[in-house]
Amino acid sequence: MKKNNPALVIFLFFLGWVFMYADRNILSPVMGDIGEEWNLSQTELGLMSTVFFASYAFMQIPTGFLADKFGRVRVLVTGYIIFGVATYLSGAVTTFALFLLMRALTGLGEGTYYGSQYGISSNITPKKYRGLVSALINSGMALGISLGLIAASYFTYTLDKGWQFSFYLFAIPTVIVAILIGVFVRDGNKEEKVLTAVPTENVSLKQLFTKNHICVYIIIFCSLYGFFGMLTWLPYYLQTARGVDGSQTGIIASLVPWASIPGAIFFGYISDRVKSKKPLIISLAVAGAFLQIVIPYTESYSLLLTGLVLYGLLGKLALDPVLISYIADITPASMYSKVYGFFNFSGMLSSIFAPYITGYFADRTGSLELGFYLSGALLLVGAVAFLFTDKGPKESPVSQLAVKKNYKSGEENLI
């Protein structure tokens with residue numbers, strides 16, 4: 001079996017996140033148009049994202065077990081093709097019920113990506129580059145968010161193509177990316193498979209629920225609650241509460257992902273070089289919480305824009321690569337797909353509730369601000385929870401063995 005080319009794998013996984021997040025964010029700028037077409041309440045608008053994220057979260061844990069049984073690449077590619085087809089059908093349906101069904105199917109397809117992708121990339125990445133490589137792959141999320149927000153706004157409001165057009169457009173490259181991953185990415189060479197299967201220690205699911213693991217699951221839940229609540233409602237909030245023209249909301253909302261690219265790479269690089277990631281994780285969580293409260297609170301338009309840029313630099317997308325690297329450090333290599341499944345499941349649970357709860361409070365209070373404040377408070381809870389982690393996570397013997405023998409020959413490809 002041919003070995004993976006690390007640079008090519010990183011690039012393809014980067015593209016995978018680009019279209020995953022583009023799909024999620026072509027919905028946000030056109031929520032008002034969809035609501036008018038089907039006469040929906042703000043609670044029902046929030047339900048569109050909740051249905052997607054519920055099915056996405058549901059797939060996280062099964063994906064880890066399916067990947068171990070059928071292969072990470074095979075599971076990832078199958079799900080990604082389903083995601084592309086369902087994206088196209090999301091634009092083709094004619095009723096709200098069918099639209100919800102297609103968004104649920106899209107979530108199931110996308111749900112195979114996270115655990116499989118980070119299982120592969122963590123196996124081919126030397127420990128000292130994990131934070132940086134995770135940040136490079138994750139930067140696809142930022143580009144995808146911006147691409148989705150700007151494209152949906154541009155095609156719908158500037159070119160007057162209708163809200164459905166963006167779904168058709170993004171479905172095509174999505175399927176192409178799935179095919180490219182299937183052709184060029186391998187689960188791992190024989191040495192990797194042998195090493196990750198060696199029973200040199202008692203590897204059980206209990207090792208995914210240590211005190212440190214549970215604290216990580218809590219903080220990622222709190223981080224993603226605010227992130228997806230903001231992404232879902234920010235363009236709508238800018239239009240309805242701040243009077244921003246619909247054609248401009250995508251550009252303004254994209255300040256967050258664009259600012260996150262240098263932030264994520266910088267903090268990923270720093271996390272690879274600090275002895276303990278704990279202070280860095282807590283600092284980023286507190287900063288993100290503060291900004292989630294300040295952004296809707298300020299009445300100044302310039303301060304709002306500044307807050308969005310700072311949230312991009314210090315928020316969820318900057319915190320993610322540090323947590324991904326941290327979770328790899330404390331988990332046996334043979335369980336990477338499973339642990340990333342539980343990790344992302346914990347985070348995505350929040351995304352089920354955040355869009356709906358924010359919409360619910362908006363219907364009851366006539367304002368979206370309360371939902372943003374709640375997001376900031378939850379992230380502070382996550383930061384407090386992480387204070388209880390042990391210092392300096394020790395990597396398991398299985399992970400150490402895989403790192404020493406698997407990466408020695410391929411390390412220069414990442415420099």
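**Close-up views of a predicted model**

**View 1. A salt bridge joins Glu 110 and Arg 24.** The closest side-chain N and O atoms of this pair are 3.0 Å apart. The structure shown here and in the other views is a predicted model. Glu 110 belongs to helix α6 (residues 96-110) and Arg 24 to helix α1, so the salt bridge ties together parts that are 86 residues apart in sequence. Are the two residues buried or exposed? Glu 110 is buried, at 0% relative accessibility, and Arg 24 is buried too, with a relative accessible area of 8%. Side chains of opposite charge can pair when their charged atoms come close.

**View 2. Arg 24 lies over the rings of Tyr 21 and Tyr 56.** The charged end of Arg 24 is 4.5 Å from the ring centre of Tyr 21. Arg 24 is also placed over the face of Tyr 56, at 4.5 Å from the centre of that ring. Tyr 21 is in turn part of a cluster linked by ring pairs, which includes Phe 13, Trp 17 and Tyr 113.

**View 3. Asp 329 and Arg 130 form a salt bridge.** The N to O distance is 3.1 Å. Asp 329 is in helix α16 (residues 316-329) and Arg 130 in helix α8 (residues 130-158), so the bridge links distant parts of the chain, 199 residues apart. Asp 329 counts as buried because its relative accessibility is 4%, under the 20% limit. Arg 130 is likewise buried, at 3%. Which residues make up the salt-bridge network that contains this pair? Arg 130, Lys 277 and Asp 329 are linked in it.

**View 4. Asp 320 and Lys 316 form a salt bridge within helix α16.** Their closest N and O atoms are 2.9 Å apart. The two residues are 4 residues apart in the helix, which means that about one helical turn separates them. Asp 320 is buried, with a relative accessible area of 2%, and Lys 316 is buried at 3%. The model has 6 salt bridges in total.

**View 5. Tyr 80 and Phe 83 form an edge-to-face aromatic pair.** A pair of aromatic rings is described by the distance of the centres and the angle of the planes. Here the centres are 4.9 Å apart, with 85° between the planes. Both residues are in helix α5 (residues 72-92), 3 residues apart, so about one helical turn lies between them. Tyr 80 is buried at 0% relative accessibility, and Phe 83 is buried with a relative accessible area of 0%. Tyr 80 and Phe 83 are also members of a cluster linked by ring pairs, along with residues including Tyr 336, Tyr 340 and Phe 343.

**View 6. Tyr 237 and Phe 372 pair edge-to-face.** Their ring centres are 5.4 Å apart and their planes meet at 85°. Tyr 237 is in helix α11 (residues 211-240) and Phe 372 in helix α18 (residues 369-386); the pair links distant parts of the chain, 135 residues apart. Tyr 237 is buried at 1% relative accessibility, and Phe 372 is buried at 5%. The model contains 29 aromatic pairs.

**View 7. Five residues make a nonpolar surface patch.** Leu 8, Phe 11, Ile 179, Val 183 and Phe 184 form the patch, which covers about 440 Å². Helices α1 (6-25) and α9 (165-184) each give two or more residues to the patch. Which helix gives the most? Helix α9 does, with 3 residues. Ile 179 lies in helix α9 and is partly exposed, with a relative accessible area of 48%.

Methods
Residues are numbered from 1 along each chain as its sequence is written. This is a predicted model: local features need pLDDT of at least 70, side-chain atom pairs count only at pLDDT 80 or more; totals for chains, interfaces and linings use all residues. Side-chain values use heavy atoms; hydrogens and water are left out. Patches are made of residues with over 30% relative accessible area and no salt bridge: like charges are joined within 9 Å, nonpolar side chains (Val, Leu, Ile, Met, Phe, Trp, Tyr) within 5 Å. Accessible areas come from the Shrake-Rupley method with a 1.4 Å probe; for residues, only the protein chains shown count as cover. A salt bridge is a side-chain nitrogen of Lys or Arg within 4 Å of a carboxyl oxygen of Asp or Glu. Buried means under 20% relative accessible area, exposed over 50%, partly exposed in between (1.4 Å probe, protein chains only). Rings of Phe, Tyr and Trp (its six-membered ring) pair if their centres lie within 6.5 Å; planes under 30 degrees apart count as stacked, over 60 as edge-to-face and the rest as tilted. A charge sits over a ring if NZ of Lys or CZ of Arg is within 6 Å of the ring centre and within 35 degrees of the ring normal.
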